[in-house]
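Colleague: I have a new model open on my screen and would like to talk it through with you. Could we start with the surface and then work inwards?

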Amino acid sequence: RTPPHRRPPTREMDPTDPTPEDDAETREAKKQEATLAECIRLLSSDSRERKFVGMLLVTRLLPSTTDDSSLSAIANADGFAPFITSMLRAAPMPVAVAADDP
């Protein structure tokens, strides 16, 4: 047990103090902001592989993101629009035809 002279002072609960639920929501919001920042960093990378990973992370880690500022930040990541365009314009690989097909 903690001796009485070392215990922190007790105080009455202030109605404006955050509740444990508020703390959890705040932590979750900060975690989502950090995740969004990491995704934008990856999407803005010079590496096509990192852009691709960033694109996958956005779809997996931020499925509930609907606020305009987050979606705009993702869409406006440096170099992301040309990357998506190049992915959409990529020619499909030809299908190998078996030698005995007519």
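Colleague: How much area does the protein chain expose, and what share of it do carbon and sulfur atoms supply?

Modeller: Bearing in mind that this is a predicted model, the protein chain exposes about 8,700 Å², and carbon and sulfur atoms supply 58% of that area.

Colleague: And what percentage of the residues is buried?

Modeller: Of the 102 residues in the protein chain, 16% are buried.

Colleague: What about secondary structure, how many helices and strands are there?

Modeller: The protein chain has four helices and zero strands, so that reading from the N terminus the order is α-α-α-α.

Colleague: Which residues form the largest nonpolar core?

Modeller: That core has nine residues, namely Leu36, Cys39, Leu43, Val58, Leu62, Ile74, Ala77, Phe80 and Phe83. Two elements, helix H1 (20-43) and helix H4 (80-89), each give two or more residues to this core, and H1 gives the most, with three.

Colleague: Staying with Ala77, what is it in contact with, leaving aside neighbours within four places in sequence?

Modeller: With those neighbours left aside, Ala77 is in contact with Ile40, Leu43 and Ser44.

Colleague: Switching to helix packing, at what angle do the axes of H2 and H4 cross?

Modeller: The axes of helix H2 (residues 48-61) and H4 cross at roughly 90° and come within 11 Å, which means that H2 is roughly perpendicular to H4.

Colleague: Which residues make that contact, and how do they divide by type?

Modeller: From H2 the contact uses Arg48, Lys51, Phe52 and Met55, while H4 brings Phe80, Phe83, Ile84, Ser86 and Met87. The residues of this contact between H2 and H4 divide into six nonpolar, one polar and two charged.

Note on methods:
Residues are numbered from 1 along each chain as its sequence is written. This is a predicted model: local features need pLDDT of at least 70, side-chain atom pairs count only at pLDDT 80 or more; totals for chains, interfaces and linings use all residues. Side-chain values use heavy atoms; hydrogens and water are left out. Buried means under 20% relative accessible area, exposed over 50%, partly exposed in between (1.4 Å probe, protein chains only). Accessible areas come from the Shrake-Rupley method with a 1.4 Å probe; for residues, only the protein chains shown count as cover. A nonpolar core is a set of buried Ala, Val, Leu, Ile, Met, Phe, Trp, Tyr and Cys residues joined through side-chain atoms within 4.5 Å. Contact means heavy atoms within 4.5 Å. Axes are lines fitted to C-alpha atoms, for helices over the stretch in contact, and angles run from 0 to 180 degrees between N-to-C directions. Angles under 35 degrees count as roughly parallel, over 145 as roughly antiparallel, 65 to 115 as roughly perpendicular and the rest as oblique. Ala, Val, Leu, Ile, Met, Phe, Trp, Tyr, Cys and Pro count as nonpolar, Asp, Glu, Lys and Arg as charged, and the others, Gly among them, as polar.
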